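Student: I would like to learn how to read a protein structure one feature at a time. Could we take one together?

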Amino acid sequence: MDHVDRILAQWNRERPDLDVAPMGLLGRITRLRAHLGREVEAELARHGLSSSSFDVLATLRRTGPPYRLSPGELIATTMVTSGTMTNRIDQLEKAGLVERTTNPEDRRGMIIALTENGLALVDTAVTAHVANQHRLVEVLSEAERKALDGLLAKFLSGFE
């Protein structure tokens, strides 16, 4: 019996008229997200990064050479506000991991690009991040992972 089972048992005792089964599913997803988030943050912190800074660096890295995007493209890809993105870019620029340059196609605009240090760091961090992800899901068999992934994809598609 896990923590969520105990909560459900209490609700079933106190309000037997309610079907609290969805509370169990959503509660487990919420608790799992918290546990996974702590594990991911701890791994990224070993590289001097947070999930927010890693998100920007990884987005630039996965675009391929020359590893640069406009702020608008970064915002669209990461789904954060322009103010939040500006703050992230400022911090990464101070750390020497990205640089702002004038957009050659539109001199009014800027381009955000990985520096050599940023590229090296994100490559090291993503390798460790993926290994950590494998460790986090190893409690499930390959078949269970595929089944869970399919169910979560179906669940998510109802919102997206």
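The dialogue below goes from the overall fold to the core, the surface and the charged pairs.

Tutor: Before we start, keep in mind that this is a predicted model.

Student: Which helices and strands does the protein chain have, and how many?

Tutor: Begin by counting the elements, then read their order. The protein chain has seven helices and three strands. Read from the N terminus, the order is α-α-α-β-α-α-β-β-α-α.

Student: What does the radius of gyration tell me about the protein chain?

Tutor: Set the value beside the one for a compact globule. For 160 residues, such a globule would come near 15 Å, but the protein chain has 20 Å. The extents can be read next to that: the C-alpha trace spans about 65 × 30 × 25 Å along its principal axes.

Student: How many of the residues count as buried?

Tutor: A residue is called buried when its relative accessible area is under 20%. By that cut-off, 27% of the 160 residues in the protein chain are buried. The exposed area can be read as well: the protein chain exposes about 10800 Å², and carbon and sulfur atoms supply 57% of it.

Student: How do I read contacts between parts that are apart in sequence?

Tutor: Take the contacts between residues at least 6 apart in sequence, then ask what share spans a longer stretch. In the protein chain, 45% of those contacts join residues at least 24 apart.

Student: Which residues of the largest nonpolar core touch the most other members?

Tutor: Look for the members with the most neighbours inside the set. The largest nonpolar core has 22 residues, and those touching the most other members are L49, F54, L57, L60, L74, V98 and L114. At least two core residues come from each of α2 (21-45), α3 (51-62), α5 (82-94), β3 (106-114) and α6 (116-137). Helix α3 gives the most, with five residues.

Student: What does L74 touch?

Tutor: For one residue, leave out its close neighbours in sequence and list the rest. Not counting residues up to four places away, L74 touches V56, T59, L60, L69, M85, I89 and I112. One of these, L60, is also among the core members named above.

Student: Which residues make the nonpolar surface patch?

Tutor: Now we look at the outside. L25, L26, I29, L148, L152, F155, L156 and F159 make a nonpolar surface patch of about 740 Å². Helices α2 and α7 (142-157) are the elements that give two or more residues to the patch. The largest share, four residues, comes from α7.

Student: Why does L148 count as partly exposed?

Tutor: Partly exposed lies between the cut-offs of 20% and 50%. L148, found in helix α7, is partly exposed because its relative accessibility is 36%.

Student: Where is P16, and is P16 buried or exposed?

Tutor: P16 sits in the loop between α1 and α2. Its relative accessibility is 64%, so P16 counts as exposed. Sequence distance and distance in space are separate readings: P16 and L152 lie 136 residues apart in sequence and 29 Å apart in space, C-alpha to C-alpha.

Student: How many salt bridges does the structure hold?

Tutor: The structure holds eleven salt bridges. For each pair, read the distance, then the places of the two partners. R28 and D2 form one, with the closest N and O atoms 2.9 Å apart. This pair links distant parts of the chain: R28 is in helix α2 and D2 in the segment before α1 (3-14), 26 residues apart. R28 is partly exposed at 32% relative accessibility, and D2 is partly exposed at 31%.

Student: Which residues are linked with R28 in a network of salt bridges?

Tutor: A network joins more than a single pair. Here D2, D5 and R28 are linked in one.

Student: What do D90 and R100 tie together?

Tutor: Their side chains meet in a salt bridge, 2.7 Å from N to O. D90 lies in helix α5 and R100 in strand β2 (residues 98-103), so the pair ties together parts ten residues apart in sequence. D90 is partly exposed at 26% relative accessibility, and R100 is partly exposed at 27%.

Student: Where do R145 and E142 lie?

Tutor: Both are in helix α7, three residues apart, about one turn of the helix. They form a salt bridge whose closest N and O atoms are 3.5 Å apart. R145 is partly exposed, with a relative accessible area of 26%, and E142 is partly exposed at 45%.

Terms used: Residues numbered from 1 in each chain as written. Predicted model: local features only at pLDDT ≥ 70, side-chain atom pairs only at ≥ 80, totals over all residues. Heavy atoms only, no water. Core = buried A, V, L, I, M, F, W, Y, C linked by side-chain atoms within 4.5 Å. Buried < 20%, exposed > 50% of the residue type's maximum accessible area, 1.4 Å probe, protein only. Contact = heavy atoms within 4.5 Å. Patch = residues over 30% accessible without salt bridge, like charges linked within 9 Å, V, L, I, M, F, W, Y side chains within 5 Å. Areas by Shrake-Rupley, 256 points an atom, 1.4 Å probe, with all protein chains shown as cover. Salt bridge = Lys/Arg side-chain N within 4 Å of Asp/Glu carboxyl O. Rg over C-alpha atoms; globule rule 2.2 N^0.38 Å.
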